[in-house]
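Trainee: I should like to go through this structure with you, one topic at a time. Shall we begin with the overall architecture?

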Amino acid sequence: MKFIAKAALLTTLLSLTGITTATAAERPSRCAEQRFAVQVNGERQTIAGEFCVRGKLTPRTPLQILLHGGTYDRDYWDWPYQPRRYSYVDSATRAGYATLNLDRLGYGRSSRPDPETLDFEAGGEAVHQVVRQLRPRFRTIVLNGHSMGGLVAERAAGRGGVDAVIVSGIPRDRPGARAEAASPFHPAELDPKFAGKPWARGYFTTVPGTRARTFHHPGTYDPAIIPVEEALKDTLASAELRSVGPGAANRSAPKVPTAYVLGEHDTLVCGSGDCGADEIVRGSGHSINTSLAAQAFYRWTFTWLARNTG
């Protein structure tokens with residue numbers, strides 16, 4: 001979390017005993033940067049993320065692994081603007097969860113492999129390897145993925161090792177990426193933010209000035225958040241972009257409890273009608289976490305997890 005001092009390592013966090021205040025929600029969070037070595041498409045890669053927890057951490061503390069969508073990075077789950085309102089990490093740790101907020105492979109501080117081979121299967125395999133490394137330390141592991149991160153979560157869950165999955169911004173019954181594929185992406189090497197980056201060729205990002213109409217709906221967001229969206233935007237791989245759209249994505253529902261959540265006005269993936277969701281977040285567009293309805297989504301998430309993960 002941007003407003004909390006970092007601790008040293010996950011292993012150190014596991015030995016912490018907590019501090020003496022009234023409730024776990026009132027205790028300050030402890031956060032630590034983490035790096036995981038993974039092998040994907042025959043190459044060694046690194047996934048970076050941040051682990052956060054409040055109070056005492058034990059093997060019984062449920063862990064949520066957070067997976068952002070395309071053209072975002074881990075900031076999506078730990079938004080620095082008005083964090084008490086928008087940061088899911090803040091809300092989840094107050095609710096008693098530990099969080100591992102990842103930069104998915106190809107994003108943020110993680111490795112940027114060949115974008116032509118970085119599809120959702122590769123991303124899912126990378127996340128599965130992270131899960132395997134963490135499983136001995138946690139009895140309950142949940143994957144919580146938004147949009148393209150939800151498609152990665154489905155594939156990671158299919159490889160086993162997790163207890164529940166939450167997918168936001170993607171319908172249950174169809175990829176819903178017909179609109180997403182038509183979104184205003186352009187080559188990252190042509191964007192002022194990424195021009196000159198040695199890895200930018202083959203990656204895409206949103207055209208400057210288009211994020212409000214791409215990810216939001218009029219009246220469902222604070223206009224002050226849009227400059228933050230532009231400043232923090234990331235890229236997505238060409239293989240991910242090709243892998244969305246009707247018939248293009250090989251999807252199968254995880255065999256563990258899984259919830260699909262859509263914003264009421266998510267025209268990016270739904271358009272109109274029932275697209276297949278277990279929950280509709282009223283007053284939100286596609287990017288629920290940066291909408292005014294973020295807290296309603298978070299509360300629903302914790303209620304659903306309490307019912308489905310014991």
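Trainee: How many helices and strands does the chain have?

Mentor: This is a predicted model, in which local features need pLDDT of at least 70, side-chain atom pairs count only at pLDDT 80 or more, and totals for chains, interfaces and linings use all residues. Residues are numbered from 1 along each chain as its sequence is written, and side-chain values use heavy atoms, with hydrogens and water left out. Helices (H or I, at least four residues) and strands (E, at least two) are DSSP runs, numbered from the N terminus. Counted in this way, the chain has 10 helices and 11 strands.

Trainee: What percentage of the residues of the chain count as buried?

Mentor: Buried means under 20% relative accessible area, exposed over 50%, and partly exposed in between (1.4 Å probe, protein chains only). The accessible surface of the chain is about 12000 Å², with 52% of it belonging to carbon and sulfur atoms; such areas come from the Shrake-Rupley method with a 1.4 Å probe, and for residues only the protein chains shown count as cover. Of the 310 residues, the share that counts as buried is 59%.

Trainee: What share of the contacts with a separation of 6 or more comes from residues 24 or more positions apart?

Mentor: A contact means heavy atoms within 4.5 Å. Among contacts in the chain with a separation of 6 or more, residues 24 or more positions apart account for 71%.

Trainee: Why is strand S3 described as largely enclosed?

Mentor: Strand S3 covers residues 63–67. Leu63, Ile65 and Leu67 lie on one side and Gln64 and Leu66 on the other, and both faces are covered. In general, side chains in a regular strand alternate between the two faces of the sheet. S3 is largely enclosed by the rest of the structure because its buried residues number 5 of the 5.

Trainee: Which residues stand opposite isoleucine 65 in S4 and S5?

Mentor: Two strands pair if DSSP finds at least two bridges between them. S3 runs parallel to strand S4 (residues 98–102), with 5 bridges joining them, and it also runs parallel to strand S5 (residues 141–146), again with 5 bridges. The partner of isoleucine 65 in S4 is leucine 100, and in S5 the bridge partner is leucine 143.

Trainee: How many residues of strand S10 are buried?

Mentor: Strand S10 spans residues 258–263. Thr258, Tyr260 and Leu262 point one way, while Ala259, Val261 and Gly263 point the other way. The strand is largely enclosed by the rest of the structure, since the number of buried residues is 6 of the 6.

Trainee: Which residue in S11 stands opposite leucine 262?

Mentor: S10 has parallel partners: 4 bridges join it to strand S6 (residues 164–168), and 3 bridges join it to strand S11 (residues 279–281). On the S6 side, isoleucine 166 stands opposite alanine 259. In S11, the residue opposite leucine 262 is isoleucine 280.

Trainee: Which residue caps the N-terminal end of helix H4?

Mentor: Helix H4 (residues 120–134) has 15 residues and reaches 21 Å from its first C-alpha to its last, close to the 21 Å expected at 1.5 Å a residue; the expected span is 1.5 Å times one less than the number of residues. H4 is mostly covered, with 11 of its 15 residues buried. At its N-terminal end, a side-chain oxygen lies 3.3 Å from the backbone nitrogen of glutamate 121, and the capping residue that supplies this oxygen is aspartate 119.

Trainee: Is histidine 128 buried or exposed?

Mentor: Histidine 128 lies in helix H4. Not counting residues up to four places away in sequence, histidine 128 touches Ala156, Arg159 and Gly160. Its relative accessibility is 9%, so histidine 128 counts as buried.

Trainee: Which cysteines does the disulfide join?

Mentor: A disulfide is a pair of cysteine sulfur atoms within 2.5 Å, and a search of the whole structure finds 1. The pair links distant parts of the chain, with one cysteine in strand S1 (residues 29–40) and the other in strand S2 (residues 43–54), 21 residues apart. The S to S distance is 2.0 Å, and the residues joined are cysteine 31 and cysteine 52.

Trainee: What is the handedness of the link between cysteine 31 and cysteine 52?

Mentor: Cysteine 31 counts as buried because its relative accessibility is 0%, and cysteine 52 counts as buried because its value is 1%. With 115° about the S-S bond, the link is right-handed.

Notes: Polar contact = N/O pair within 3.5 Å; in protein donor to acceptor, adjacent residues only side chain to side chain.
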